[in-house]
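Student: I would like a close look at one part of this protein. Please start with the whole chain, then zoom in.

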Amino acid sequence: MISRPYPAGHLMKHQLIDESFFPGILFSGGENWKVMRRFTLSTLRDFGMGKKSIENKINEESDFLVKRFKSYGGKPFADPVILNAAVANIIVSILLGHRFDYNDQVFLRLMGFINENIRLMASPMVMLYNTFKPIFRWLPGNHKKVQENAVKTQKFIKETFTKHKERLDVNDQRTLIDAFLVKQQEEKSEFASYYHNENLTMLVSNLFAAGMDTTSTTLQWGLLLMMKYPEIQKNVQNEIEKVIGSSEPQSEHRKKLPYTDAVVHEIQRFANIIPTNLPHATAQDVTFKGYFIPKGTYVMPLLTSVLRDEAYFKKPDEFYPQHFLDSEGNFIKNEAFLPFSAGKRSCAGENLAKMELFIFFTRLLQNFTFQAPSGTELDLTPAVGFTTPPVPHLICAIPRA
């Protein structure tokens with residue numbers, strides 16, 4: 001059985017899926033999903049995913065992020081938009097071929113649309129709309145705002161790839177959009193019919209949102225947890241100082257920094273930012289543990305059930321980096337560590353996200369000690385949203401000598 005995500009509400013239980021209905025990669029199925037995923041993976045690799053070039057790009061962006069954090073002079077500030085922008089610039093460089101300044105108004109509006117939608121997706125009205133669309137589509141509510149934001153985001157993307165089309169050079173493809181537009185012109189390909197503008201618009205939207213939100217949300221949790229547990233933060237800093245000093249962290253350093261690697265893994269496990277995973281549907285009739293599940297049945301594969309499984313994690317509800325360390329301090333893998341999901345529908349950008357998390361986190365801990373403002377009690381309760389960031393809070397980034 002292969003399950004595939006789709007937006008709740010468009011399909012009721014036992015109803016067959018119209019695989020051609022959803023463009024892009026996150027919610028599509030069938031051959032469209034296969035073509036878009038294959039294109040996405042190959043193009044991300046072509047533009048540096050898993051290679052030295054993207055490591056250098058992440059470190060370059062880290063320079064801007066560190067500079068921004070230093071500008072606050074150790075005084076309290078809120079971090080979400082800054083982290084969103086830094087992480088977003090990595091996928092933007094692949095999609096559009098450039099980075100945005102953190103104060104760019106177009107960039108801020110685009111991130112605002114996406115962030116608002118991610119928060120609203122967990123609101124009661126939107127969930128009711130997704131479940132009973134024929135009724136609630138006529139009523140006012142947050143679902144209308146979600147649709148408005150989506151239209152604005154897609155308008156920006158369409159204008160962007162129109163500009164790329166005007167200056168496209170098939171012999172000098174610089175972005176994922178360029179690569180897609182070249183595919184559009186390859187009329188002899190058996191998959192040519194899948195490279196239409198609707199797929200391009202939704203694919204870019206999917207990659208921008210997924211590439212920005214999940215990693216930046218994890219980093220938000222990481223900094224909050226370092227403030228909450230200063231002794232763990234100090235252990236990370238000591239290891240970084242001992243192993244790489246002030247050198248730029250690279251993926252090859254991960255094996256030399258087992259404690260730091262364990263802390264990054266534990267941040268992902270504890271944060272559990274997509275507890276319900278993406279919604280899926282069965283691709284065929286299947287019997288699972290004695291239950292018959294017809295084709296097209298709505299399925300929620302809960303990531304929480306593995307990330308907080310007490311059979312695999314000694315202290316599932318606590319932040320405990322030793323979940324990924326043996327008695328001698330060596331990093332150990334855990335088969336229940338599945339923050340990127342599993343199987344054929346696992347996150348297409350997993351390798352990029354891992355690299356971003358490790359380099360951004362290490363660079364920030366190299367340069368700062370993170371503390372809560374005096375008298376502040378840190379709350380580890382997650383906020384409401386399709387992804388679950390920490391509740392709003394202030395941080396103090398104290399520059400390290």
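What share of the contacts in the chain with a separation of 6 or more comes from residues 24 or more positions apart? Then turn to helix H8: which of its residues are buried, and what covers them?

Tutor: Start with the ground rules. This is a predicted model, where local features need pLDDT of at least 70, side-chain atom pairs count only at pLDDT 80 or more, and totals for chains, interfaces and linings use all residues. Residues are numbered from 1 along each chain as its sequence is written, and side-chain values use heavy atoms, with hydrogens and water left out.

Your first answer is 72%: that share of those contacts joins residues 24 or more positions apart. Contact means heavy atoms within 4.5 Å.

Now the overall build. The chain has 13 helices and seven strands. Both are DSSP runs, numbered from the N terminus: helices are H or I with at least four residues, strands E with at least two. A compact globule of 401 residues would have a radius of gyration near 21 Å, and the chain agrees, with 22 Å. That radius is taken over C-alpha atoms, and the globule rule is 2.2 Å times the number of residues to the power 0.38. Along the principal axes, the C-alpha atoms fill a box of roughly 55 × 55 × 40 Å.

Next, burial. Of the 401 residues, 51% are buried. Buried means under 20% relative accessible area, exposed means over 50%, and partly exposed is in between, with a 1.4 Å probe and protein chains only.

Now zoom in on H8. The helix spans residues 176–185 and is mostly covered: eight of its 10 residues are buried. They are Leu176, Ile177, Asp178, Ala179, Phe180, Leu181, Val182 and Gln184. The cover includes helix H1 (30–46), H3, helix H7 (142–166) and H9.

Follow H3 outward. Isoleucine 91 lies in this helix, residues 80–95. The residue counts as buried because its relative accessible area is 3%. Its C-alpha is 9.8 Å from that of leucine 176, yet the two are 85 residues apart in sequence. Leaving aside neighbours within four places in sequence, isoleucine 91 is in contact with Leu44, Leu207, Phe208, Gly211 and Leu352.

One of those partners leads to the core. Phe208 is among the residues that touch the most other members of the largest nonpolar core, which has 91 residues. The others in that group are Leu65, Phe69, Val263, Phe361 and Phe370. Helix H9 (residues 197–228) gives the most to this core, with 13 residues. A nonpolar core is a set of buried Ala, Val, Leu, Ile, Met, Phe, Trp, Tyr and Cys residues joined through side-chain atoms within 4.5 Å.

Phe69 shows how one core residue links up. Sequence neighbours within four places aside, its contacts include Phe77, Leu223, Leu364 and Ile395.

For contrast, leave H8 and look at a loop. Methionine 121 sits between helix H4 (105–120) and helix H5 (124–131). This residue is partly exposed, because its relative accessible area is 31%.

Another loop, between helix H11 (258–271) and strand S2 (280–282), holds asparagine 272. Asparagine 272 is buried, at 8% relative accessible area. Its phi is near 50 degrees, a positive value in a residue other than glycine.
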